Amino acid sequence: PIHRVLHAFISFVRIILFSFGLQKPFWSISNAEEKALFLAQDEKNEIEEVDISEAQSPQENRVETIFDDNTHREFLAILLDELEQSELGSMARAIPIAKILERKLRIERFIRQHPDVVDVNVPKPLWILSLPRTGSTWLHKLLSLDPACRTMKSWELKYPLALNECKGPTKKERFELVKKQHEILYKIAPRIRTIHFVSHNDPDECIMGFIDPCLVDWHAWGMLSLKKSYEAYINSSQATNSLTDKLYLNYAKVIKCILFQDNDDDPEFENEIEKEKKYGIAGKYASSVVAFEGKSSSETELYSLGTSRIQNKREHGYSHTVFKSPHHLLALQSTNNAFPESRYLWLHRDPVKVVGSCCSMNLTVLDYFSALYQDKHELGKRTLNRLANSVRVAVAARKQLERRGVEFVDVLYEDLKADSIGTIKRIYDEFNMHFSDEYAANLERFNLDAAILKAKNKNSTSSSTSTHAYAIEEFGLSESDVKD
């Protein structure tokens with residue numbers, strides 16, 4: 001592919017430049033912060049609220065002062081030393097570190113302007129725990145169909161606050177921006193769409209809303225080696241007052257900022273949501289249900305009523321909030337410290353299928369973003385080891401939390417697939433939550449629309465349909481390797 005040729009050429013040129021000392025490191029903490037500061041400024045809302053003395057006039061000191069929290073520096077101090085030497089090579093430059101820090105600056109500024117944000121209540125957090133490739137995206141979607149449930153949508157996590165005037169200050173414009181970003185991503189990387197489809201207005205993984213660039217999504221499952229960063233993250237997650245504690249406390253700020261805006265009136269945004277409502281309850285999300293079972297859907301005009309419905313305003317209240325990201329397995333104590341009253345729903349799937357699918361996912365992403373040769377056997381071994389370690393870390397943390405009275409419920413993917421509504425009813429019973437008639441009706445409609453779409457795709461001969469096929473043997477693994 002042309003991107004591999006270009007990437008290889010750029011890498012060759014950079015090696016020559018490095019050898020003569022003509023190429024500077026692609027990132028430093030200070031230039032990432034400076035770029036974030038530049039991006040976070042706009043004509044109407046310059047970052048001038050912080051008192052900066054004349055002695056702090058240089059740009060470096062200005063940046064030093066402007067961040068209220070420096071957790072990101074602790075992550076970057078380790079990451080930046082090894083990121084460009086990773087499997088990504090020069091493509092590591094495409095990781096939006098400055099954009100993540102821009103979001104952090106905006107969150108901090110918003111809280112200074114609206115001190116009441118810190119008092120926002122996050123209704124009874126319920127965390128979906130799982131390894132990747134277990135059906136957690138599907139479960140997340142099903143739980144989001146409860147009118148009493150608040151989930152964080154993809155567009156909310158990526159753009160939780162108003163951007164500058166050029167990029168869209170309103171909810172509608174942020175919503176449209178992420179919609180276009182997703183459309184572009186799935187056009188240039190259709191295999192990623194087959195493996196993991198999330199619409200702009202679907203509930204998305206918490207990792208998308210982190211404001212400290214820990215890049216745990218790149219190394220937790222073995223996609224990249226990043227050995228020092230991985231070990232530092234794991235060690236921190238098991239310490240008291242740790243780096244991951246700070247990471248999740250900052251994530252709680254993002255969530256509170258999003259919830260704080262639930263009362264904001266935005267007629268244009270609500271009209272846009274109403275426009276999408278008419279297309280049905282399962283819609284585009286149903287394509288990910290089909291994809292998870294091994295076949296990608298063709299493009300469809302359907303949209304999800306469940307994810308595109310207007311969330312209840314804050315004054316109506318929610319009974320609970322659902323969070324989801326496989327990476328939470330590595331930081332259970334930190335999630336509980338940052339979000340009091342947390343409960344946990346642990347989804348399990350056949351580990352042989354999980355490992356095979358995860359290896360395939362890792363390779364697919366690297367095929368798109370790296371021109372470097374990937375040894376499949378090395379990738380398979382690293383993926384298996386890190387998945388296994390994630391379970392060990394999470395089980396140990398779970399035992400400690402359960403001793404403190406924290407609730408956990410276990411669910412099998414096979415049970416969810418066989419009877420999704422019955423399984424969710426059991427979950428609600430075990431957590432003593434109210435399973436409403438409206439929620440039951442939403443689930444029935446979702447399942448019906450998903451079944452119709454699946455049947456349509458089964459009979460389709462369109463070239464846009466494809467299969468996510470994988471086998472652990474391709475990665476030098478066997479079933480006994482996984483089970484051992």
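Student: Is W27 buried or exposed in this structure?
Tutor: The structure is a predicted model, in which local features need pLDDT of at least 70 and side-chain atom pairs count only at pLDDT 80 or more, while totals for chains, interfaces and linings use all residues. Residues are numbered from 1 along each chain as its sequence is written, and side-chain values use heavy atoms, with hydrogens and water left out. A residue is buried under 20% relative accessible area, exposed over 50% and partly exposed in between (1.4 Å probe, protein chains only). The relative accessibility of W27 is 12%, so W27 counts as buried.

Student: Where along the chain does W27 lie?
Tutor: Helices (H or I, at least four residues) and strands (E, at least two) are DSSP runs, numbered from the N terminus. On this basis, α1 covers 2-19 and α2 covers 29-39. W27 is placed in the loop between α1 and α2.

Student: Which residues does W27 contact, leaving aside its neighbours within four places in sequence?
Tutor: Contact means heavy atoms within 4.5 Å. One of the partners of W27 is L80, which is 53 residues away in sequence although the C-alpha atoms of W27 and L80 are 6.8 Å apart. The full list is A32, K35, L80, R93, I95, I97 and A98.

Student: In which helix is L80 found, and how far apart in space are L80 and I29, C-alpha to C-alpha?
Tutor: L80 belongs to helix α4 (residues 71-82) and counts as buried because its relative accessibility is 16%. Beyond its neighbours within four places in sequence, L80 touches W27, S28, I29 and I97. Although L80 and I29 are 51 residues apart in sequence, their C-alpha separation is 8.1 Å.

Student: How many aromatic pairs are there?
Tutor: Rings of Phe, Tyr and Trp (its six-membered ring) pair if their centres lie within 6.5 Å; planes under 30 degrees apart count as stacked, over 60 as edge-to-face and the rest as tilted. By this rule, the number of aromatic pairs is 17.

Student: What kind of pair do F210 and Y251 form?
Tutor: F210 is in the loop between α9 (190-195) and α10 (216-219), whereas Y251 is in helix α12 (residues 243-260), so far along the chain that 41 residues separate them. F210 is buried because its relative accessibility is 4%, and Y251 is buried because its value is 0%. The ring centres are 5.2 Å apart and the planes are at 70 degrees, an arrangement classed as edge-to-face.

Student: Which residues make up the cluster that ring pairs link?
Tutor: The cluster includes F210 and Y251, the two rings at 5.2 Å centre to centre. Its members are W127, F210, Y248, Y251, F323 and F339.

Student: Which ring does R386 lie over?
Tutor: A charge sits over a ring if NZ of Lys or CZ of Arg is within 6 Å of the ring centre and within 35 degrees of the ring normal. R386 belongs to α18, where R386, N389 and V393 meet K227, Y230, I234 and S237 of α11. At 4.1 Å from the ring centre, R386 lies over the face of Y230.

Student: What share of the residues of the protein chain counts as buried?
Tutor: The protein chain has 22 helices and five strands. Of its contacts between residues at least 6 apart in sequence, 82% join residues at least 24 apart. Among its 484 residues, the buried share is 57%.
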